[in-house]
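User: Hi, I am new to this structure and would like a short walk through it. Could you put it up so that we can talk it over?

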Amino acid sequence: MDVVAERVAALRGERVDHRFKGLPPDAAGLTVGELAAQRRTLTDGGFTTPLLVLSAEALDHNLGVLEHWTAQRGLAFAPHGKTSMAPQLFARQLERGAWGITVAVPHQVRVCRAFGVPRIFLANELVDAAALRWIGAELDADPGFEFVAYVDSVRGVQLMQDALAAAGVRRQVDVVVELGAGDGARTGARTEADCAAVAAAVAAAGQLRLVGVAGYEAEVPDAGPEQVRAWLRRLVALAAELDRGGAFGGAEQIVVSAGGSAWFDAVADVFAGIGGMSRPVLPLLRSGAYVTHDDAHYARVTPFTRVPGHLEPAFRLWAQVVSRPEPGQAFLNAGKRDVPYDLGLPTPVAVRSAAGLRPAPAGLGVSRLSDQHAWLSVPPDDGIEVGDLVCLGLSHPCTTFEKWPLIPVATADGTITDYVRTFF
Ligand SMILES: Cc1ncc(COP(=O)(O)O)c(C=O)c1O
């Protein structure tokens with residue numbers, strides 16, 4: 001067993017207790033492995049509401065879709081780990097051929113390292129001296145550890161250089177220049193000239209090594225296919241330009257990285273045209289949200305609205321009707337603490353009452369969330385009542401995972417086969 005698989009397997013030894021909402025109170029004291037072995041069911045396993053559940057089949061499907069998508073198109077894959085912060089899913093992504101794991105902040109690098117992830121792509125600027133000291137020590141201690149971070153300013157390069165030099169770090173830290181994805185984009189140097197200046201600063205910084213270019217196309221207001229492709233072509237041209245100028249002289253390969261879960265079709269198309277560089281190229285995709293997909297935002301923006309294929313929403317949240325004070329109004333016991341609301345509200349998918357399971361009727365909808373309640377609008381003739389369960393589809397994988405430290409994984413027949421631990 002490799003290191004990641006071994007450390008992930010050790011999570012099964014953790015005790016189930018009050019830290020993990022939704023889990024059966026009578027399972028307290030069991031290890032996660034023991035509870036999983038009991039194969040409890042969703043309906044009578046003693047779980048309490050609200051309860052977030054992952055579909056085993058949807059997870060398998062989605063993991064396979066991006067595995068094959070990247071393999072067929074010659075892309076290396078570093079799925080964004082900040083989506084789930086679930087090392088068990090990192091392990092499955094790595095088993096399926098991922099080059100490494102992407103993260104966003106130093107804490108997330110620590111989680112990856114704690115689980116032995118050998119290649120980490122930090123898709124963010126890193127100028128925190130304490131974090132640089134720690135990452136430098138990790139690099140020096142483990143020759144097999146590969147780490148790449150963004151740079152987008154000369155000052156940032158200097159801060160990195162100073163922190164690493166002060167810490168006496170021996171190995172160089174690999175960096176890629178981030179090209180901002182246009183006006184109004186998030187981080188990233190705005191022009192090719194700015195990128196060249198950053199590259200020159202890296203060349204002068206003995207603690208750093210320039211290994212490529214990167215960016216993120218989705219954080220552009222009103223991004224559309226033409227705009228995204230035009231920016232991706234700029235990114236590829238920037239890599240070629242820097243290469244011609246000898247900027248990657250110390251690198252074995254040139255990293256060209258972009259892509260989340262909304263534009264991986266455009267990334268594959270444009271990166272297919274990369275060629276004529278001085279050394280091998282690593283075209284690196286970083287999708288993260290694909291792993292669970294969703295019922296709202298990603299359902300709308302997925303490339304599979306443009307190209308053949310599909311992802312499946314893997315999350316379902318079960319909440320209970322706890323109050324029915326007016327004819328058109330019910331309240332569920334799930335609120336902002338339990339469900340995402342930054343990219344849309346949850347949508348009812350099904351209702352389970354004493355009479356059985358039925359699809360959610362038209363007009364049943366979440367209109368608002370309090371901390372611990374969902375405001376459920378009820379159509380006039382619907383008999384939903386206190387005690388019924390409502391199954392909700394969710395809107396944003398990243399802000400779903402973060403609310404649940406231990407998430408049951410259920411097969412289609414409702415058997416809980418595993419539990420996914422998150423570290424936020
Ligand atoms: C820099 C960067 N790369 C990749 C991703 C992954 O994108 P997605 O969440 O759409 O999969 C994100 C997500 O926020 C990101 O910020």
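Analyst: Here are some answers on the overall form, one helix and one annotated stretch.

Analyst: This is a predicted model, where local features need pLDDT of at least 70, side-chain atom pairs count only at pLDDT 80 or more, and totals for chains, interfaces and linings use all residues. Residues are numbered from 1 along each chain as its sequence is written, and side-chain values use heavy atoms, leaving out hydrogens and water.

User: How many helices and strands are in the protein chain?

Analyst: The protein chain has 12 helices and 18 strands, taken as DSSP runs (H or I of at least four residues for helices, E of at least two for strands) and numbered from the N terminus.

User: And what share of the residues is buried?

Analyst: Of the 424 residues, 54% are buried, meaning under 20% relative accessible area with a 1.4 Å probe, counting protein chains only.

User: Switching to α10, is that helix largely enclosed or not, and why?

Analyst: Helix α10 (residues 264-271) is largely enclosed by the rest of the structure, because seven of its eight residues are buried. Those include Phe264, Asp265 and Phe271.

User: Which elements do they pack against?

Analyst: The buried residues of α10 pack against helices α3 (56-72) and α9 (225-244), and also against strands β8 (254-258) and β9 (281-285).

User: What does UniProt list for residues 314-411?

Analyst: An unreviewed UniProt entry lists them as "domain: D-serine dehydratase-like", an annotation that may be inferred rather than shown by experiment. Over residues 314-411 the chain is 5% helix and 47% strand, with the end C-alpha atoms 11 Å apart.

Note on methods:
Buried < 20%, exposed > 50% of the residue type's maximum accessible area, 1.4 Å probe, protein only. Contact = heavy atoms within 4.5 Å.
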